[in-house]
Amino acid sequence: MKPADRKFLEQFEGRVRKTIRDHKLLARKDRVLVACSGGKDSTTVLYLLNKFGYRAEGLIIDLQMGSWSGQNLKNILEFCNSKGLKLHTVSLKDGYGFDIKRIRSLVAGRKDLTACMVCGVMKRWVLNRKARELGAGKIATGHNLDDEAQTCIMNLVNGNPKLGINMGPRTGLVDDPRFVPRVKPLFFSLEKDSRRYSELMGFTVLYRRCPYAGEGQRWKMRDFLDILEERQPGAKSRIVDSTLGVFREIRKGVRPGQIRHCSKCGEPARSETCKVCQVLGELEAF
Ligand code: Q46
Ligand code: ZN
């Protein structure tokens, strides 16, 4: 390996360690469930948390969307086998009766709902539930700086910047036994760096997007931000840092809102029913 590459690996790992340490993401005693997709970011998180000495296991939600998700599942299974790491799998269809293909057909023609939105809320819901069942105290995800910058811009473009008020390397800081806190060790790492890390480490992962990615708004923001970053280097980082700074000020002195429990499924919710029950109820009635 070239010295420059070795240096890069050290710097990348250093940034992730610093994020964990400075933001108190994990304690040694924590049992952590890493939300794996089979892609570069979550594979890197699973690898690094174990390398750093945390008790981290993986969980992959099989989205059953053909060869793309089949290959991701195979890749992460092989990765975990080769490193002696524990991996849990859950199938969206077998466990919950919905797969992305069905969701996609149900939302076809709707402007207010995309398959990606439904997929996103369902994944969060399943993850929280499984983490609790498995006795994990924290969920770690592979979200990187690019993802966070995209979210900031999406919320602005949609006219709802306050949606991101709780953004940060730690989320779900609600004191509720049914809510498993989520941490993002790659929060301050650019996606291109995470990709380079994964490539240099020789991780067998797919670098192409989910086949349905183009249908979500996030992916338009991604292209937009890539162009912006090329013209104004550091733009992604400044977007995230300045948004964090503004929200930090706003949050000062504000007591966290009361968490409720969904009247249908019992999961934590912001209103009478949780997002998943709202969306699924709507789709079933559709
Ligand atoms: S898996 Fe699901 Fe993503 Fe595919 S359908 Fe959209 S949300 S793009 S991270
Ligand atoms: Zn619910």
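The following dialogue examines how terms are applied to this predicted model.

Mentor: This is a predicted model in which local features need pLDDT of at least 70 and side-chain atom pairs count only at pLDDT 80 or more, while totals for chains, interfaces and linings use all residues. Residues are numbered from 1 along each chain as its sequence is written, chains are lettered from A and ligands numbered from 1 in the order in which they are written, and side-chain values use heavy atoms, with hydrogens and water left out.

Trainee: What makes Cys262, Cys265, Cys274 and Cys277 donors of the zinc ion (ligand 2)?

Mentor: Donors are N, O and S atoms within 2.8 Å of the metal (3.2 Å for Na, K and Ca); water is not among the atoms, so sites may look incomplete. The SG atoms of these four cysteines lie at 2.3 to 2.4 Å from the zinc ion (ligand 2), and therefore they qualify. Along the chain the donors follow the spacing C-x2-C-x8-C-x2-C. Cysteine 262 is in the loop between β7 (260-261) and β8 (268-269), and cysteine 274 is in the loop between β8 and α11 (275-285), so this pair ties together parts 12 residues apart in sequence. Helices (H or I, at least four residues) and strands (E, at least two) are DSSP runs, numbered from the N terminus.

Trainee: Why is the site of the zinc ion (ligand 2) called tetrahedral?

Mentor: Four donors count as tetrahedral if all angles lie between 85 and 135 degrees. The angles among the 4 donor atoms are 105 to 115 degrees, so the term applies. The ideal angle for four tetrahedral donors is 109.5 degrees.

Trainee: Why does cysteine 36 count as buried, and what is cysteine 116 called?

Mentor: Buried means under 20% relative accessible area, exposed over 50%, and partly exposed in between (1.4 Å probe, protein chains only). Cysteine 36 has 6% relative accessibility, so it is buried; cysteine 116, with 30%, is therefore partly exposed. Cysteine 262 and cysteine 274 are buried too.

Trainee: How do you know that cysteine 36 is in no disulfide?

Mentor: A disulfide is a pair of cysteine sulfur atoms within 2.5 Å. By this rule the count comes to 0 disulfides. For cysteine 36, the nearest cysteine sulfur, that of cysteine 80, is 5.8 Å away, so the cut-off is not met.

Trainee: What makes strands β1 and β2 a pair?

Mentor: Two strands pair if DSSP finds at least two bridges between them. Strand β1 (residues 31-36) is joined to strand β2 (residues 55-62) by 6 bridges, and the two run parallel. Cysteine 36 stands opposite isoleucine 60 in β2.

Notes. Tetrahedral: all angles 85-135°; square planar, octahedral: opposite > 155°, others 65-115°.
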